[in-house]
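Biologist: I'm new to reading models like this one. Can we go through it together, and will you tell me how each label is earned?

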Amino acid sequence: MVDQRAARRAALLRHGTTDHYLDPVLYDFEYRERVEDIAWYREQVGPQPISVLELGAGSGRITLPLLGDGHCVTAIDRVGPMLEHLRQKLDRQIAADMLPTDARERVTTKLGDIRKLDLPDNSFRCVLAPFNTLMHLYTTADLQACFGEIARVLQPGGVCLFDVCLPDFDWLMWDPADRHSVTPFIDPNSGRRMIYSTNHTYDYATQVCHIRIYYDPAPPAGETFVPPTNSEHVVHLAHRQIFPEELRALLPWVGLELVKHDGGFCGEPLTIESESQVCVARKAG
Ligand SMILES: C[S@@+](CC[C@H](N)C(=O)[O-])C[C@H]1O[C@@H](n2cnc3c(N)ncnc32)[C@H](O)[C@@H]1O
């Protein structure tokens with residue numbers, strides 16, 4: 001019985017860290033309006049070309065603008081289709097003169113796990129883990145391993161930039177059976193009229209929120225959408241909640257100093273209203 005529960009939990013986490021990233025075209029469509037973070041990462045990395053390591057680079061939402069700014073970027077992710085999509089977008093943007101041709105020589109894409117980096121010590125000025133990537137590290141040991149690797153590969157005085165959600169107990173406690181964010185859209189792959197909706201279950205013991213994203217065919221025009229009991233396509237997304245005090249405790253352990261811990265990408269203070277924790281950590285120089 002215990003084994004079955006453990007196996008089910010392991011499967012949920014496996015799906016929860018992969019399924020949302022198997023369709024990069026849909027991923028880019030869903031986050032097409034998320035641009036504030038791109039501006040923040042570009043500004044923090046700065047205008048001088050440097051070597052940047054991006055953890056969980058995905059489809060290159062942040063990578064490609066950094067290449068446009070002249071940086072050398074090593075982009076790591078463990079989902080092949082996301083990195084493949086990044087490379088296709090790079091080719092298309094070079095062909096359309098949106099990126100210089102030397103961008104191809106300045107990027108390295110690597111399939112890998114951010115808990116164990118196959119990279120030399122002291123090799124990057126800057127390491128990024130954008131858009132909740134660290135929320136896929138489900139245990140404290142995993143988070144510690146990743147921060148340890150970041151500290152190892154950063155040059156002395158180098159910085160780590162990342163953002164994760166601020167846990168929101170009101171939201172975490174919503175009824176798991178309700179449907180939220182019900183949104184009609186045209187599937188960018190098939191052109192079908194669809195309905196997007198979500199719900200979630202928070203596991204207090206593990207601090208992991210299990211989000212279900214439902215994709216259902218839209219009802220005929222004029223009819224109200226009623227969520228079906230068996231949805232056509234359900235994507236599982238598992239996010240470990242990371243509390244501010246955990247960050248303050250973990251980073252010094254690996255030799256990183258948390259120098260900025262904001263509540264948004266425009267320097268907002270971290271308060272009960274904040275959706276994100278936007279962080280800068282520095283390795284001692
Ligand atoms: C929310 S996406 C962020 C993608 C991109 N940085 C962005 O801002 O759009 C999180 C990414 O982290 C990757 N990821 C999650 N856990 C990982 C791990 N342990 N090792 C490598 N990549 C991981 C996922 O495959 C996914 O592409």
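Modeller: Sure! Domain bounds here come from an automatic or database domain assignment. On that basis the protein splits into domain 1 (34-166 + 243-283) and domain 2 (169-240). Keep in mind that the model is predicted.

Biologist: What makes E246 and R240 a salt bridge?

Modeller: The label needs a side-chain nitrogen of Lys or Arg within 4 Å of a carboxyl oxygen of Asp or Glu. The side chains of R240 and E246 come to 3.0 Å, N to O, so the pair passes the 4 Å cut-off. Between domain 1 and domain 2 the count is 1 salt bridge.

Biologist: How do you know which residues of domain 1 supply much of the area buried against domain 2?

Modeller: Buried area is what two parts lose in accessible area on being put together. Domain 1 and domain 2 bury about 770 Å² between them. On the domain 1 side, M135, Y138 and F243 supply 62%, more than any other three residues.

Biologist: Now the ligand. Why is the approach of G56 called a polar contact?

Modeller: The cut-off for a pair of N or O atoms is 3.5 Å. A backbone N or O atom of G56 sits 2.7 Å from a ligand nitrogen, so that pair counts. The side chain of E54 makes it too, with an N or O atom 3.4 Å from a nitrogen of the ligand.

Biologist: And is the ligand covered or exposed?

Modeller: Covered: the protein hides 99% of the 590 Å² of accessible area the ligand has on its own. The shell around the ligand has 8 nonpolar, 6 polar and 5 charged residues.

Terms used: Residues are numbered from 1 along each chain as its sequence is written. This is a predicted model: local features need pLDDT of at least 70, side-chain atom pairs count only at pLDDT 80 or more; totals for chains, interfaces and linings use all residues. Side-chain values use heavy atoms; hydrogens and water are left out. Buried area is the accessible area (1.4 Å probe) that two parts lose on being put together, summed over both. A polar contact is a pair of N or O atoms within 3.5 Å; within protein, one must be able to donate a hydrogen and the other to accept it, and residues adjacent in sequence count only if both atoms are side-chain atoms. Accessible areas come from the Shrake-Rupley method with a 1.4 Å probe; for residues, only the protein chains shown count as cover. Ala, Val, Leu, Ile, Met, Phe, Trp, Tyr, Cys and Pro count as nonpolar, Asp, Glu, Lys and Arg as charged, and the others, Gly among them, as polar.
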